[in-house]
Amino acid sequence: MPETTPLLSVQDLKKTYQGSSGPVEAIGSITFDVRPGELVCIVGPSGCGKTTLLKCLAGLLPPTAGSVTLDGAAVTAPPKKMALVFQEYGRSLYPWLTVRDNVGLPLKARGVPKAERRPVIERAVEEVGLGHALDTYPWQLSGGMQQRVAIARAVAYQPEILVMDEPFAAVDAQTRADLEDLVRRVWQDLGVTVLFVTHDIDESVYLGGRVLMLSSSPTFVQEDLAIDLPAERDQLTTRALPRFTELRTHVYEQIQRAKRGEVVASGT
Ligand SMILES: Nc1ncnc2c1ncn2[C@@H]1O[C@H](COP(=O)(O)OP(=O)(O)OP(=O)(O)O)[C@@H](O)[C@H]1O
């Protein structure tokens, strides 16, 4: 891949919490870059520090050391160029607002006039396949549809980077597959950069152009793996490819090694 200036740059990021029984070193040292237009997945064993890392990336938690830079500017507060999608769609949508108003809320907060908001909202809701549900309320929709609304809201905001924290962990397998394809489509259609955190190894390989594997806590990047699968992916043919099996087996083995503490920060 040609060298381009990174959109997101994480340099020697460290985080130690002051726990009640002493310091807890959650992140040992994490360094990685995300270039514009990439779709990068992050996987790691449970408790490895994924949430801590995301909070630092989103400017919600100050790192103990190191830096996060987005488009050349240090991240010290939630950046305007970043949109977040969380697992708990139920809590991220306002039940008293329609789909249209939920999706438009961040634009309203940004001061975009109503007449300009309308087409942006409608395009984003169409993009996630909910054009027919613009004037319904979240509680009238299934869990998968609510998560589509959360994605539409992030898309309407027109971020430079979309950060997704285990967004499909709470939906059934069929819905999850549909939402994975939706993320790939949104990413391709809009050219937005995506950082997708998941504990699901198959999901990381299916979605990602790269997979960053994190070690157990105190965390470092155990491996940065390029996913050399065809760009056009679909749930049946891509997952049936021998290369898909090789890649998911490799990631699985690495995560097992991380869990057994067999890897050290100097390399694998
Ligand atoms: N506020 C806190 N105070 C002390 N220790 C914390 C705090 N938050 C997290 N930790 C510790 O930091 C480490 C990383 O936690 P974190 O929640 O970031 O991991 P995770 O990978 O998101 O976990 P999971 O896979 O279970 O979602 C864990 O050992 C956790 O116990």
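In this predicted model, helix 1 supplies the largest share of the shell around the ligand, contributing 3 residues to it. The shell as a whole is made up of 13 residues, and the closest to the ligand are Y17, A26, K50, T51 and T52. Helix 1, which covers residues 50-57, is joined by strand 1 (8-19) and strand 2 (22-34) as the elements that each give two or more residues to this shell. Sorted by character, the residues around the ligand comprise 8 that are polar, 4 that are nonpolar and 1 that is charged.

Strand 1 and strand 2 also belong to an open sheet of 4 strands, in which the order is 2-1-4-5 and the pairing is antiparallel. Because strand 2 and strand 5 (73-74) stand at the edges of this sheet and each has a single partner strand, one side of each is left without a neighbour in the sheet. At the strand 5 edge, the pairing with strand 4, which spans residues 65-70, is antiparallel and runs over 2 bridges. Within that pairing, T69 has A74 of strand 5 as its bridge partner.

For the wider context, one can turn to the annotation. An unreviewed UniProt entry places the feature "domain: ABC transporter" at residues 8-241. In the model, the C-alpha atoms at the two ends of residues 8-241 lie 31 Å apart, and the span is 34% helix and 27% strand.

How values were computed:
Residues are numbered from 1 along each chain as its sequence is written. This is a predicted model: local features need pLDDT of at least 70, side-chain atom pairs count only at pLDDT 80 or more; totals for chains, interfaces and linings use all residues. A residue is near a molecule or strand if its C-beta atom, placed from the backbone, lies within 6 Å of it. Ala, Val, Leu, Ile, Met, Phe, Trp, Tyr, Cys and Pro count as nonpolar, Asp, Glu, Lys and Arg as charged, and the others, Gly among them, as polar. UniProt positions are given in the numbering used here, feature names are shortened, and annotations may be inferred rather than shown by experiment. Two strands pair if DSSP finds at least two bridges between them.
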